[in-house]
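Subject: Handover of a structure

Dear colleague,

I am handing over the structure below, and my notes on what was found in it follow directly after. Please read them with the coordinates open.

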Amino acid sequence: MERPTDLYISPLSGSFPAHLACLEVDLAVRVQRVDRKTKLLDDGRDYRSIAPKGAVPALSLEDGSVLTESAAVLQYIADLVPDANLAPAWGTPARYRLIEWINFVSTELHKKHLSVLFSSRAPAPVTEWALSGAAASFAHPARHLETQPYLLGHTFTVADCYLFWAVLVAPYGGISLEPWPSLRAYVERIQQRPSVTRALSLEMPLYRAETAAGTAPPLRPVAPPA
Ligand SMILES: N[C@@H](CCC(=O)N[C@@H](CS)C(=O)NCC(=O)O)C(=O)O
């Protein structure tokens, strides 16, 4: 497999799980910040010249190619360092459970709810729709985690990198975690990992700088509708 050279992120956005995965496996990559409004990198290049879809995360590989889409990026990072056990081996039933969870987080939590709730361009009825359906979607992993610490059982995987981020940011989009003690405990459990402390210490100052520049909203939990 080609070694990655750069990881493209916007602080605390959906690229956070990939950043977390890199830190979990101790992968040395250059972290490149993409300005979420202008799409410019800190060196002035337009990110869309590297990843034309303009979305993060993306990984540049040594052969000059670029890998996008969280499901691919997360599994690529895990497969680079199999000893870190962030993904079950290919061909095993557990690998398909991993893909099942990554796909669920990506399509049912991230894009269906979180992307809409964090978009400044979503019309109010769309935001209301995203918020009203969120409880049903978040209840699914909540039930699953009542009996096990991680999505695949007792082993932390890249699916947990993704779900952890989704649950961590949910209250900032107006989704209260109050109904789900299992999700609150899950976030607290994963927050103890050194990779999380490190990822937050790298991304929080970048996020605060964006807030100061007015390109990101202040970090404040949004009260759910009464
Ligand atoms: N399908 C992509 C979506 C990633 C995504 O939504 N990224 C957001 C940040 S949370 C983004 O970069 N949005 C900016 C844009 O799409 O222009 C994936 O699974 O990685």
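How many disulfides does the count come to? Before answering, I should say that this is a predicted model, and everything that follows should be read with that in mind. The count comes to 0 disulfides. Cys22 takes part in none, since the nearest cysteine sulfur, which belongs to Cys161, is 9.4 Å away. Seen from the other side, the closest cysteine sulfur to that of Cys161 is the one in Cys22, and at 9.4 Å it is too far for a bond, because a disulfide is counted only when the two sulfur atoms lie within 2.5 Å. Both residues are covered: Cys22 counts as buried because its relative accessibility is 2%, and Cys161 is buried as well, with a relative accessible area of 0%.

Cys22 belongs to the buried part of helix α1, together with Phe16, Pro17, Ala18, His19, Leu20 and Ala21. The helix, which spans residues 16-24, is mostly covered, with 7 of its 9 residues buried. Those buried residues pack against the strands β1 and β2 (30-33) and against the helices α2, α6 and α8. Just after α1, Asp26 adopts a positive phi of about 60°.

Strand β1, one of the packing partners of α1, covers residues 4-9 and contains Asp6. Is Asp6 buried or exposed? Its relative accessibility is 5%, so Asp6 counts as buried. The side chain of Asp6 makes a polar contact of 2.8 Å with the side chain of Gln32. If neighbours within four places in sequence are left aside, Asp6 is in contact with Val29, Arg30, Gln32, Ala58, Leu59 and Ser60.

The last item is the largest pocket, which holds about 1,600 Å³ of space. Its lining comprises 49 residues, and Ser13, Gly14, Arg36, Ser115 and Phe118 are the ones that lie nearest its centre. By class, the lining is made up of 28 nonpolar, 13 polar and 8 charged residues. Helices α2 (70-80), α3 (93-117), α6 (158-169) and α8 (194-212) each supply at least two residues of this lining, and α3 gives the most, with 6 residues. Three of these helices, α2, α6 and α8, also appear among the elements against which the buried residues of α1 pack.

With best regards

Definitions and conventions: Residues are numbered from 1 along each chain as its sequence is written. This is a predicted model: local features need pLDDT of at least 70, side-chain atom pairs count only at pLDDT 80 or more; totals for chains, interfaces and linings use all residues. Side-chain values use heavy atoms; hydrogens and water are left out. Helices (H or I, at least four residues) and strands (E, at least two) are DSSP runs, numbered from the N terminus. Buried means under 20% relative accessible area, exposed over 50%, partly exposed in between (1.4 Å probe, protein chains only). A polar contact is a pair of N or O atoms within 3.5 Å; within protein, one must be able to donate a hydrogen and the other to accept it, and residues adjacent in sequence count only if both atoms are side-chain atoms. Contact means heavy atoms within 4.5 Å. On a 1 Å grid over the protein atoms alone, a cavity is a set of points where a 1.4 Å probe fits but cannot get out, and a pocket is an open set with protein on both sides within 12 Å along at least five of seven lines; lining residues have an atom within 4 Å of a point. Grid points are joined across faces, edges and corners, and a volume is the space filled by probe spheres set on the points. Ala, Val, Leu, Ile, Met, Phe, Trp, Tyr, Cys and Pro count as nonpolar, Asp, Glu, Lys and Arg as charged, and the others, Gly among them, as polar.
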